[in-house]
Amino acid sequence: MKVGVIKEDAPGERRVALVPETVPKLMAAGVDVLVEKGAGEAAWYPDTAYAEAGAVIVSGPELYDQADVILTVTRPSPGTVSRLRAGQAVFGLLAPLIHPELAQALAGQGVTAVSLDGLPRTLSRAQPMDALSSQANVAGYKAVLVAAETYGRFFPLLITAAGTARPARLLVLGAGVAGLQAIGTARRLGAVVSGYDVRPATKTEVESVGATFIELTSVGSAAGEGGYARQLTDEERRAQQDELSGHIAKQDIVITTAQVPGRRPPQLVTEDALKAMSPGSVLVDMGASALGGNVAGSEPGQTIVTEGGVTIIGADNLPASVPTAASNAYSRNVSALLLHMVRDGALVIDLDDEIQRGVVITHHNEVVQQATAALLQPTSDGGADVDGTGN
Ligand code: NAD
């Protein structure tokens, strides 16, 4: 079996799906590794390092022609999809709940799609394969550095001959993997940090990394299935936004990480809340997406300064800006999943296996993962619920 590592082609993407260190592990399982020329360069992994580890460096056309399994980090572009052929498998963070049309296209081409974001994350044996956590961890760290770089003052309390600087007040909204890492990183830089989440279980986690937990009186628990949050009702959302606004107005920096799987990110910071913030305040919206983000007006990949002097950073792909660490972690995740699915040197699809049932999205020309297939069912008005909004 041949596994091919492609050179990512999404704008600004610097990660690579496999790093040289992982190549011998795959080879020991009877898997040959092909690497597209220059695939690791942007993450500081040169072709020579892959070749020394035992991989074969090939051109793009050779890779698509010869590989049985293609490894990618992000969703393949339409150009990449058109190069895949029937019987090939592709492993990546394919976001099928946000882009079910991609799953449909891959199924139509006879490609087996395996998406790491479908992993049952609470299974302890799946933890080495958890790319959502590894990338969220990198993103949470970098969000704080991005905020610190933009903020016009110090994070820590500084007492100098020229005067005393008060510490920055920083609030993290959403205390999952990214949020907790952001809290820890901001604390290490000396900010006064608070955190908030709709899952009450996060209170002790927020406090254990040294932040104050904000409790809202107007919204109860919104803990959903599998450790995730559920979507709030319109009434709950408005109450949450109103009550949060008072807390947001007192902050110098707000980092938002709130997500609900397969849904558009909840808006936590409204336009009114932004107006109440002081000039020089900074927001880093990790939920920024084409569908809208956690912060009103945020745009993915863009930095906007409001009339009131508040900077909103649409930080939609922070792991790509820490490419070596992010690739290193992802490489371990994807190879652990691949090796879980390889028997006697061949990929074996087994939908009775709990891990595979979550990650295998398409196989034998069908969308087999239930959640994605459900999104592709025609709705009562004849359309498909492709943005997960139910509209
Ligand atoms: P995520 O990226 O899906 O969401 C980030 C956070 O946003 C979550 O904590 C969520 O509760 C919060 N959120 C959603 N809507 C919100 C709203 N309206 N207001 C405020 N906060 C809101 O989350 P994640 O980082 O992927 O983690 C999800 C869960 O999975 C967590 O419970 C995490 O501990 C758990 N997890 C468990 C394991 C494991 O058991 N091995 C591994 C990884 C993650």
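Colleague: Which residues does Phe91 touch, leaving out those up to four places away in sequence?

Modeller: A contact here is a pair of heavy atoms within 4.5 Å. In this predicted model, Phe91 touches Val69, Ile70, Leu71 and Thr72, then Val114 and Leu116. Its list also takes in Tyr330, Val334, Leu337, Leu338, Met341 and Leu347.

Colleague: And how do I read that at the level of a core? Which members of the largest nonpolar core touch the most other members?

Modeller: Think of a core as buried nonpolar residues joined through their side chains. The largest one has 39 residues, and Leu71, Phe91 and Leu337 touch the most other members. Among the elements that each supply at least two residues are strand 1 (2-5), strand 4 (69-71), strand 5 (89-92) and helix 12 (354-359). Helix 11 gives the largest share, 5 residues. There is also a second, separate core of 30 residues, which includes Tyr151, Ala178, Ala211 and Phe213.

Colleague: What about a polar residue, then: is Gln240 buried or exposed?

Modeller: The cut-off for buried is under 20% relative accessible area. Gln240 has 3% relative accessibility, so it counts as buried. You'll find Gln240 in helix 9 (residues 234-248). Beyond its sequence neighbours up to four places away, Gln240 touches Tyr196, Val198, Leu216, Ser218, Val219, Leu232 and Leu268.

Colleague: Now the strands. Which residues of strand 12 sit on one side and which on the other?

Modeller: Look at the two faces of a strand separately. In strand 12 (residues 253-256), Ile253 and Ile255 are on one side, Val254 and Thr256 on the other, and all are buried, so both faces are covered. For its partners, follow the bridges. Strand 9 (residues 169-173) pairs with strand 12 in the parallel sense over 4 bridges, with Leu170 partnered by Ile253. Strand 12 also runs parallel to strand 13, joined by 4 bridges, and there Ile255 has Val284 as its bridge partner.

Colleague: Where does the sheet go from strand 13?

Modeller: To strand 15 (residues 311-314): strand 13 (residues 282-285) runs parallel to it, with 4 bridges. Leu283 is partnered by Ile312 there. Strand 15 is buried on both sides too, with Thr311 and Ile313 pointing one way and Ile312 and Gly314 the other. Its pairing with strand 14 (residues 303-305) is antiparallel, over 3 bridges, and Val305 stands opposite Thr311. The hairpin of strands 14 and 15 has 5 residues between the strands, and Gly309 takes a positive phi near 80° in it.

Colleague: A glycine, fair enough. Which residues other than glycine have a positive phi?

Modeller: Two to look at are Trp44, with phi near 70°, and Asn365, at about 65°. Check where each one sits. Trp44 is in the loop between strand 2 and helix 2, and at 64% relative accessibility it counts as exposed. Asn365 is in the loop between strand 18 (360-363) and strand 19 (366-367), and is partly exposed, with a relative accessible area of 49%.

Colleague: Last one: which residues make the nonpolar surface patch of about 230 Å²?

Modeller: For a patch, look for nonpolar side chains that are open to the surface and close enough to be joined, within 5 Å. Here Tyr141, Leu145 and Leu189 make it. Leu189 lies in the loop between helix 7 (177-188) and strand 10 (192-196). At 35% relative accessibility, Leu189 counts as partly exposed.

Terms used: Residues are numbered from 1 along each chain as its sequence is written. Side-chain values use heavy atoms; hydrogens and water are left out. A nonpolar core is a set of buried Ala, Val, Leu, Ile, Met, Phe, Trp, Tyr and Cys residues joined through side-chain atoms within 4.5 Å. Buried means under 20% relative accessible area, exposed over 50%, partly exposed in between (1.4 Å probe, protein chains only). Patches are made of residues with over 30% relative accessible area and no salt bridge: like charges are joined within 9 Å, nonpolar side chains (Val, Leu, Ile, Met, Phe, Trp, Tyr) within 5 Å. Accessible areas come from the Shrake-Rupley method with a 1.4 Å probe; for residues, only the protein chains shown count as cover. A salt bridge is a side-chain nitrogen of Lys or Arg within 4 Å of a carboxyl oxygen of Asp or Glu. Two strands pair if DSSP finds at least two bridges between them.
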